[in-house]
Amino acid sequence: MAGWYMHGRNTYKRYMVRELTSVAVAYYALLVLYGLFQLHAGPEAFDGFIASLRSPLWMIINLATLALVTYHAITWFLVMPKTAPLLFIKRRPVPDKLIVNGALVGFAGASIVLLALFLLTAP
């Protein structure tokens, strides 16, 4: 095989970018887990954790993480028709576009509900 196997293959490049975004997902999971440990340690520890996350550096890191995790989620929904078992409604296969759009609408709806709950319950 001559050269790099991904040369000129955008499908592989998008796949590798998607796989790399899983690092952002892992980072966010560890951040939430660390926050839970700080919450368990007491109010002072948790308040210090939250205060440190308000620094400009952590804001930039977490905004970048949000973008990467959003990309990861959206690309996962785009792959769903290829990975999910065939779905049938009245013996007709559900079109791939309907599966993807339904998942994206559900993702957007859940995000809006969670954002609304957060904004309504914030002190």
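How many aromatic pairs does the structure hold? I looked this up in what is a predicted model, and I noted three aromatic pairs.

**Entry: Y34 and F49**

I began with the rings of Y34 and F49, whose centres are 5.5 Å apart and whose planes stand at 70°, so I entered the pair as edge-to-face, given that an angle over 60 degrees counts as such. I then looked up where the two residues sit: Y34 belongs to helix 2 (residues 22–41) and F49 to helix 3 (residues 43–53), so this pair ties together parts that are 15 residues apart in sequence. For the accessible area, I wrote down that Y34 is partly exposed at a relative value of 44%, whereas F49 is buried at 10%.

**Entry: F77 and F107**

Next I turned to F77 and F107, which form an aromatic pair with 5.5 Å from centre to centre and 55° between the planes, and I recorded this pair as tilted. F77 lies in helix 4 (residues 56–83) and F107 in helix 5 (residues 96–121), so the parts that this pair ties together are 30 residues apart in sequence. On the question of burial, I noted that F77 is buried, with a relative accessible area of 15%, while F107 is partly exposed, with a relative accessible area of 27%.

**Entry: the cluster**

Which residues do ring pairs link into a cluster? I found that Y34, F46 and F49 are linked in this way, and I added a reminder beside the entry that Y34 and F49 are also the residues of the edge-to-face pair.

Terms used: Residues are numbered from 1 along each chain as its sequence is written. This is a predicted model: local features need pLDDT of at least 70, side-chain atom pairs count only at pLDDT 80 or more; totals for chains, interfaces and linings use all residues. Side-chain values use heavy atoms; hydrogens and water are left out. Rings of Phe, Tyr and Trp (its six-membered ring) pair if their centres lie within 6.5 Å; planes under 30 degrees apart count as stacked, over 60 as edge-to-face and the rest as tilted. Helices (H or I, at least four residues) and strands (E, at least two) are DSSP runs, numbered from the N terminus. Buried means under 20% relative accessible area, exposed over 50%, partly exposed in between (1.4 Å probe, protein chains only).
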